[in-house]
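Here is a friendly briefing to read alongside the structure. Keep the viewer open and follow the topics in any order you like.

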Amino acid sequence: MTTTLDKINTHYGYVFENELIEEINYVANLRKLNEGDAIISYGDTIKYMPLLIKGSIKVFREDEKGNEVLLYYLEKGDTCAMSLSCCLGNKKSTIQAVVEEESEVLLIPINYMNEWICKYETWKSFVFNSYNSRFDEMLKVIDSLAFMKMDERLLKHLNDKCMITGSFELSVNHRELALELNSSREVISRLLKKMELDGKIVLKRNLIVLNESEV
DNA sequence: ACATTAAGTGATT
DNA sequence: AATCACTTAATGT
């Protein structure tokens, strides 16, 4: 049986000093999350900061008209930059986080945020680095929205999904993909069909198999 | 066998 | 590239 402490150690052991790990172990709550769970919705007040142990989570942002944009994915070893900024400013969430794959997270009450930033150098740089890498990822999203065509975006998206799940087989339907890329189901279906004819992928119901040599 | 949901397609904007 | 209207195919009950 792996304890919570083991889990913290395997994923964050190299990042944090022992004292901090023990403190995390003491205050954090380990939670299992199922696929599709919305852990944070728009307007929620954030009370916990999530440290991802296992699985992946996708983070969306919604505009006034209800259009959603996929901002970034969180994987094990990541934390959510949004919750960081929410914690610091005590603001409400302007994002939605949905579990992509069954996950495990450590929930840390936000009052430790400030304390630890002063107390632990490693925590400070962890927070800082998280901000940095999320920022970079969001710049990529902006690039892709501004400059890439739908077919390129779709291909990239499929690749991203493969990276995250570590598999060439993706169980998704076209509607979901359309939602994630804020496109429409028909457009996605047509582009996928074209990719299949080009031999890049194989399409089944609720399943897309990527050709390894094309990735 | 029937209902439901996913995917494919042509036409229109 | 999006939307509509419709068809066809796969899957669940």
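What follows is a tour by topic, from the DNA strands to the salt bridges.

Please keep in mind that this is a predicted model. Helix α8 (residues 185-197) supplies the largest share of the surface near DNA strand C, and α8 also gives the most to the surface near DNA strand B. Elsewhere, a search of the whole structure finds 13 salt bridges.

**DNA strand B**

- The residues around DNA strand B are Asn173, His174, Arg185, Glu186, Ser189, Arg190, Lys193, Arg205 and Asn206. Of the strand B atoms that come within 4 Å of the protein, sugar and phosphate account for 36%.
- Five residues of this surface come from α8.
- By class, the surface near DNA strand B has no nonpolar residues, four polar ones and five charged ones.
- Two arginines reach base nitrogens of DNA strand B: a polar side-chain atom of Arg185 lies 2.8 Å from one, and an N or O atom in the side chain of Arg190 is 2.5 Å from one.
- Lys193 meets the backbone of the DNA instead, with a side-chain N or O atom 3.4 Å from a phosphate oxygen of DNA strand B.

**DNA strand C**

- Around DNA strand C you will find Lys149, Met150, Asn182, Ser183, Ser184, Glu186, Val187, Arg190 and Arg205.
- Sugar or phosphate makes up 58% of the atoms of DNA strand C within 4 Å of the protein, and bases make up the rest.
- Helix α8 contributes three residues to this surface.
- The classes here are two nonpolar, three polar and four charged residues.
- Which part of DNA strand C does a backbone N or O atom of Met150 approach at 3.2 Å? The partner is a phosphate oxygen.
- Bases of DNA strand C are approached by side chains: an N or O atom of Glu186 is 3.1 Å from a base nitrogen, and a polar atom of Arg190 lies 3.4 Å from a base oxygen.

**The β7-β8 hairpin**

- Strand β7 (residues 201-204) pairs with strand β8 (residues 207-210) in the antiparallel sense, over four bridges.
- Side chains alternate along β7: Ile201 and Leu203 point to one face and are buried, whereas Val202 and Lys204 point to the other and are not.
- Lys204 stands opposite Leu207 of β8.
- Two residues lie between the strands of this hairpin, and Asn206 takes a positive phi near 60°. Asn206 also appears among the residues around DNA strand B.

**Glu104 and its surroundings**

- Is Glu104, in strand β5 (residues 95-109), buried or exposed? Glu104 counts as buried, because its relative accessibility is 7%, under the 20% cut-off.
- The side chain of Glu104 makes a polar contact with the side chain of Lys7, at 2.9 Å.
- Leaving aside residues up to four places away in sequence, Glu104 touches Lys7, Leu30, Arg31, Lys32, Leu51, Leu52, Ile53 and Lys54.

**Salt bridges**

- Lys119 forms a salt bridge with Glu23, with the closest N and O atoms 3.3 Å apart. Lys119 is in helix α4 (residues 111-119) and Glu23 in helix α2 (residues 18-27), so the pair ties together parts that are 96 residues apart in sequence.
- The partners differ in exposure: Lys119 is partly exposed at 44% relative accessibility, while Glu23 is buried at 17%.
- Glu121 and Lys124 meet in a salt bridge of 3.9 Å, N to O. They are three residues apart in helix α5 (residues 121-147), so about one helical turn separates them.
- Glu121 is exposed, with a relative accessible area of 53%, and Lys124 is partly exposed at 38%.
- Glu137 and Arg134 form another salt bridge, their closest N and O atoms being 2.5 Å apart. Because they are three residues apart in helix α5, about one helical turn lies between them.
- Glu137 is partly exposed at 26% relative accessibility, whereas Arg134 is buried at 4%.
- Lys58, Glu100, Lys161 and Glu180 are linked in a network of salt bridges.

**Phe168**

- Phe168 sits in the loop between α6 (150-165) and β6 (169-170).
- With a relative accessible area of 31%, Phe168 is partly exposed.
- From Phe168 to Lys91 is 77 residues in sequence and 39 Å in space, C-alpha to C-alpha.

Definitions and conventions. Residues numbered from 1 in each chain as written. Chains lettered and ligands numbered in written order. Predicted model: local features only at pLDDT ≥ 70, side-chain atom pairs only at ≥ 80, totals over all residues. Heavy atoms only, no water. Buried < 20%, exposed > 50% of the residue type's maximum accessible area, 1.4 Å probe, protein only. Near = heavy atom within 4 Å. Polar contact = N/O pair within 3.5 Å; in protein donor to acceptor, adjacent residues only side chain to side chain. Nonpolar A, V, L, I, M, F, W, Y, C, P; charged D, E, K, R; others polar. Pairing = 2+ DSSP bridges. Contact = heavy atoms within 4.5 Å. Salt bridge = Lys/Arg side-chain N within 4 Å of Asp/Glu carboxyl O.
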